[in-house]
Amino acid sequence: MIQPIDFSAFSSNYSGGNQEFSEKGLIDKIEIDTRKIQSGATALFVALDGSRQNGADFAKIAHSLKVRNFILPLKAKSNVPHLDDSNILWTENPLDALQELAKANRFQFDGPVIGITGSNGKTIVKEWLAQVLGQDVKVYKSPKSYNSQIGVALSALGIQSVHQVALLEAGISKPGEMDRLKKIIEPEIGIFTNIGSAHDENFENLETKIREKCRLFANVRFLIYRKDHALVQHFLEKTFDSDRLVSWSDVPGADYTLSVKKEKKGARILMIAPDLRTYTFATAFDDPASLENIRHVIVCSMVLGLKPEKIQAGVKLLHAVDMRLTLKSGIRQCLLIDDSYNNDLAGLEIALEFMSQQRTPSGRKILILSEMVQEGNEELMAQKISGLVSHYQIDLLVGVGQLFLRYKNFFSPQCLFFSGNSEVLAGIEKLNLDRDLILVKGARKFQFEDIIRLLEAEVHETVLEINLNALRHNFNFYKTLLSPDIKIMVMVKAFAYGGGAAEIANHLQQIGADYLAVAYIDEGVYLRQKGVTLPVMVMNPDTRYLDLIQEYKLEPVIYSLRSLEGLSSLALNQSEELPIHLELDTGMRRLGMAEEDLKDLLTHLEQHPQIKIKGIFTHLAGADEAIHEEFTLTQLTRFRELSDSIMNRLPARPIRHALNSAGIVRFPDQAFDMVRLGIGLHGVEVNQLEQNKLEAVATLKTVVSQVKKVRKGESIGYGRQGRMQQDGEIAILAIGYADGYDRRFGNGNAFVMVRGKKAWTIGNICMDMCMVDVSGLQVKEGDEVILFGKGPSLQYLAAQIGAIPYELLTGIGMRVKRNYILD
Ligand SMILES: *Cc1c(COP(=O)(O)O)cnc(C)c1O
């Protein structure tokens with residue numbers, strides 16, 4: 001929801017384009033994705049070019065959804081069909097125009113705008129500051145981490161007249177980007193969180209990066225920063241007048257001194273203000289990053305003139321910010337989407353979109369939603385929520401809070417309303433849960449984490465977290481290596497490399513994969529039962545089960561004359577077309593047809609016209625190693641020749657494919673029509689050439705079950721293999737080889753991350769547990785432990801034990817719960 005704007009007035013004043021029509025164009029919503037349009041009448045559709053498609057192609061769809069206001073690229077003018085009675089701004093660059101519009105809205109706002117940038121902590125500082133300031137005033141903040149060129153524009157358009165202060169974050173990855181963001185945000189107060197190493201490759205050096213980020217602050221009245229980073233301090237002091245700089249530090253010498261005293265639980269922050277008064281703030285956090293973020297929040301609140309007592313009260317209540325949506329399994333075979341941290345309309349829409357991507361053929365879609373705070377007009381809010389509920393076809397809305405009780409008549413009579421979370425907990429039976437998909441989304445103060453706890457399936461505490469953003473990033477990376485017309489088949493065999501076939505396949509469907517492949521028929525059946533609609537190739541089908549193949553619309557691979565004959569004898573009396581893929585063996589010496597079989601094959605196919613070759617492929621044996629380059633090229637040439645000769649005899653052109661992940665990186669110009677992406681999607685670049693372009697997708701986590709003091713010389717675990725070299729402490733972790741933590745990791749062959757530090761294994765790995773040395777790390781029971789992902793990489797761990805990353809991923813036990821997250 002944005003502040004209503006007269007678009008026709010804007011477009012006639014906009015210098016970067018020319019416009020058609022000039023009807024009244026009051027808009028209160030920006031749409032950049034036609035799939036999300038609900039009520040087009042008051043929306044503005046901005047055609048931004050995506051990687052895949054041209055935004056202008058969607059103008060017509062938007063028009064059919066009643067959109068009458070458009071920003072469209074000039075270059076598409078001749079292709080876009082006539083759009084009746086519409087108000088169109090044609091411009092070279094629609095993003096520029098969108099940003100101008102955002103700027104116009106931001107400058108209507110006369111409250112203070114706080115601009116936040118830096119390498120880490122932007123979103124958390126923004127969220128926490130909003131919580132602290134929100135005690136007194138109506139705060140607007142960028143949704144989630146909307147900090148990109150598009151994100152900032154959309155954020156700035158959300159500022160409304162009811163708000164009293166606006167918090168906008170800005171993120172850049174390349175030089176030149178900040179100037180554009182600065183023009184939109186134009187903050188009065190700036191917060192520079194810190195400088196780190198993200199996107200280093202795009203900046204000459206650290207100072208360039210600092211300079212670039214600080215362009216956001218060119219016109220601020222006050223710039224808040226931490227003085228302890230020498231380069232940051234040096235740069236800011238030479239760039240900004242000293243009366244604009246507000247510094248803080250652990251140690252005396254800055255405007256605010258904020259020292260930290262760790263407590264048994266959490267920490268105490270002692271502040272000496274510029275007037276030398278002292279204050280203390282208690283917090284439950286004790287890690288350095290959170291303590292830095294909190295101190296930025298404190299200083300900014302002081303600068304804004306908030307009373308210290310208010311700040312103290314606010315800081316005490318801060319909770320961990322988890323901006324991520326998490327998909328988990330729930331009780332009674334439900335699936336749970338946990339977004340219990342905060343609630344605003346933009347976030348609700350993102351969550352509903354994520355929900356609509358999950359397919360649950362059997363159950364209902366249930367939304368448990370709290371009322372929103374800080375959003376202005378309640379009636380309008382109720383109306384918007386009710387619009388979203390019907391657009392996303394929610395079967396049951398459970399509304400929590402006074403807003404729902406007051407505006408009951410906006411919602412269908414089936415909806416359930418409660419005044420608070422304890423009423424929901426008491427009344428949960430009324431929901432009759434059974435295989436439903438449930439989105440739980442609530443503002444902080446409603447404490448919906450209690451509801452999540454009740455609905456979550458009981459499991460042991462080892463989880464494999466699959467980051468769907470990273471998955472998408474990797475997918476897009478491989479796409480950029482290929483010319484745009486090349487299709488992508490993703491290998492989701494072996495439970496999608498351990499990550500969870502249905503969820504990953506569903507997400508791939510969303511992000512534009514063209515094909516899926518599994519090893520066996522039952523894997524394909526499972527995908528179909530989970531609602532996956534992409535074509536699915538089955539590599540090693542038992543052709544006796546033709547009925548399953550047909551019922552579930554799977555596409556079998558034929559790799560021998562025998563398998564073809566088996567299939568065709570069963571298909572003999574059927575009229576239905578049977579699509580197959582032909583595998584040619586060009587040197588792998590695994591499944592696949594040899595040249596001498598091809599003559600019989602073609603004859604056979606001519607006699608069975610209902611069998612249609614949809615694809616022809618081969619598999620490379622050594623695409624990941626330069627020493628096999630010649631062999632690989634021979635395989636590819638051979639494939640071309642053999643497939644050419646087959647295709648000459650076929651009525652229709654099949655899809656040809658040969659490259660696996662390694663092959664895409666090394667031979668992108670030999671992609672034929674499609675590639676088969678596997679391990680690369682999971683963030684492992686087996687050639688080790690482009691590893692830094694990929695992101696880790698799977699993180700294996702567990703918890704510390706117990707911490708023990710042990711003496712020098714004591715033995716640890718089975719066979720008494722572990723020995724303490726010094727007096728110290730060990731932690732017992734809730735994971736063992738039955739979960740897929742390989743036994744060879746024992747005895748110091750691997751480390752885990754706990755409290756941000758390395759802890760090496762000690763003694764043998766047991767079936768369900770293992771021990772790590774945590775001497776001096778101040779580890780506590782219940783601490784989170786990362787076994788791989790953000791800690792040790794899959795490649796490192798595999799190399800430690802003479803394995804390959806594929807084995808580690810596919811070896812994760814089925815009892816390990818998979819959670820899916822979307823940032
Ligand atoms: C598993 C598999 C792939 C994918 O291999 P990666 O190395 O994971 O990219 C491609 N093609 C076939 C035939 C496969 O079996």
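Biologist: What makes the reach from the N660 side chain to the backbone nitrogen of G663 a polar contact?

Modeller: The distance is 3.0 Å. A polar contact is a pair of N or O atoms within 3.5 Å; within protein, one must be able to donate a hydrogen and the other to accept it, and neighbours in sequence count only if both atoms are side-chain atoms, so this pair makes the cut. Bear in mind that this is a predicted model: local features need pLDDT of at least 70, side-chain atom pairs need 80 or more, and totals for chains, interfaces and linings use all residues. Residues are numbered from 1 along each chain as its sequence is written, and side-chain values use heavy atoms, leaving out hydrogens and water.

Biologist: Why is N660 called buried?

Modeller: Its relative accessibility is 18%. Buried means under 20% relative accessible area, exposed over 50%, and partly exposed in between (1.4 Å probe, protein chains only), so N660 is buried. Leaving aside residues up to four places away in sequence, N660 touches H619, L620, A623 and R676, where contact means heavy atoms within 4.5 Å.

Biologist: How do you know that D136 and K310 form a salt bridge?

Modeller: Their closest N and O atoms are 3.1 Å apart. A salt bridge is a side-chain nitrogen of Lys or Arg within 4 Å of a carboxyl oxygen of Asp or Glu, so the pair qualifies. D136 and K310 are 174 residues apart in the chain. At 45%, D136 is partly exposed, and K310 is too, at 30%.

Biologist: What about R215 and E212, and what makes their surroundings buried or exposed?

Modeller: R215 and E212 form a salt bridge as well, with closest N and O atoms 3.5 Å apart. R215 is partly exposed at 36%, whereas E212 has 8% and counts as buried.

Biologist: Which distance makes K612 and E577 a salt bridge?

Modeller: It's 3.7 Å between the closest N and O atoms. K612 counts as partly exposed, at 31%. The structure holds 53 salt bridges, and R226, D228, D250, E292 and R295 are linked in a network of them.

Biologist: How many salt bridges run between domain 3 and domain 4?

Modeller: The count is 0, and residue pairs in polar contact also come to 0. The area buried between the two domains is about 630 Å², with carbon and sulfur atoms giving 49%. Buried area is the accessible area (1.4 Å probe) that two parts lose on being put together, summed over both. The domain bounds come from an automatic or database assignment, which gives 325-458 for domain 3 and 465-693 for domain 4.

Terms used: Helices (H or I, at least four residues) and strands (E, at least two) are DSSP runs, numbered from the N terminus.
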